[in-house]
Amino acid sequence: MSANSAEPTAEVSVVLVKAGRTKIRYGATLLHDDGTRLAVRAPWAGDGVRDFGFVRFEAGDVFTEYYWRDRWYAVKEVRTAAGALKGWYCDITRPAVLTGTELVVEDLDLDLWRSADGTDVRRLDEDEFAESGLADRDPRAAGAAVAALDELERLTRGDGFTGLLA
């Protein structure tokens with residue numbers, strides 16, 4: 001099995017890496033893997049409530065997360081425990097790697113939020129990205145990250161976003 005293929009399984013461990021260290025690791029149910037795009041579902045794995053001001057992630061929230069092996073982002077659909085859509089939190093990442101039951105994703109600091117009704121689309125953490133030094137350490141990756149953020153913003157403001165997740 002190659003590092004980028006999935007054995008038929010129902011459970012995976014999502015590992016989010018940032019600046020060379022594991023930021024968070026959590027269990028998720030594998031919903032789909034077509035060899036390019038993976039989809040998993042997991043409950044909110046953070047500690048307590050994360051209040052961004054424009055959205056709150058809290059116990060009971062359910063994330064359906066989409067990862068690509070050939071794209072520099074991940075899209076996370078966020079719903080309440082009752083199923084109401086809050087919106088989509090998008091991480092700019094290196095392409096995902098699935099090895100066995102471990103899905104590893106490297107966070108590159110840039111993020112994007114799209115509200116459930118599509119009226120609030122906002123770029124996040126551009127200051128963190130600039131301070132990360134990625135542009136100096138790995139200019140190719142930094143360029144790919146910025147291009148991915150631009151692409152996601154274009155998609156979230158247009159008709160292509162829902163097709164991305166279908």
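Start at Gly-83, which sits in the loop linking strand 7 (73–79) to strand 8 (85–93). This is a predicted model, and in it Gly-83 comes out at 33% relative accessibility, so it counts as partly exposed. Look across from there to Gly-60: the two glycines are 23 residues apart in sequence, with 9.9 Å between their C-alpha atoms.

Now follow the strands on either side of that loop inward. The largest nonpolar core has 26 residues, and those touching the most other members are Tyr-73, Val-75, Ile-92, Leu-152, Leu-164 and Leu-165. At least two core residues come from each of strand 6 (62–68), strand 7, strand 8, strand 10 (102–115), helix 3 (139–157) and helix 4 (160–165). Helix 3 gives the largest share, eight residues. Apart from this core there's another one, made of 15 residues, including Tyr-26, Leu-38, Ala-74 and Leu-103. In soluble globular proteins, nonpolar side chains tend to be buried together.

Leu-165 is a handy one to click on. Leaving aside residues up to four places away in sequence, it touches Arg-37, Tyr-66, Trp-68, Val-75 and Trp-88.

Zoom out, and the protein has four helices and 11 strands. Its radius of gyration is 15 Å, close to the 15 Å the globule rule gives for 166 residues, so it is as compact as a globular protein of that length. The C-alpha trace spans about 40 × 40 × 35 Å along the principal axes, and 43% of the 166 residues count as buried.

As for the surface, about 8200 Å² is exposed, with carbon and sulfur atoms supplying 49% of that. Charge-wise, there are 21 positive and 30 negative side chains, and the centres of the two sets lie 1 Å apart.

Key: Residues are numbered from 1 along each chain as its sequence is written. This is a predicted model: local features need pLDDT of at least 70, side-chain atom pairs count only at pLDDT 80 or more; totals for chains, interfaces and linings use all residues. Side-chain values use heavy atoms; hydrogens and water are left out. Buried means under 20% relative accessible area, exposed over 50%, partly exposed in between (1.4 Å probe, protein chains only). A nonpolar core is a set of buried Ala, Val, Leu, Ile, Met, Phe, Trp, Tyr and Cys residues joined through side-chain atoms within 4.5 Å. Contact means heavy atoms within 4.5 Å. The radius of gyration is taken over C-alpha atoms; the globule rule is 2.2 Å times the number of residues to the power 0.38. Accessible areas come from the Shrake-Rupley method with a 1.4 Å probe; for residues, only the protein chains shown count as cover. Lys and Arg count as positive and Asp and Glu as negative; His and the chain ends are not counted. The place of a charge is taken as NZ of Lys, CZ of Arg, CG of Asp or CD of Glu.
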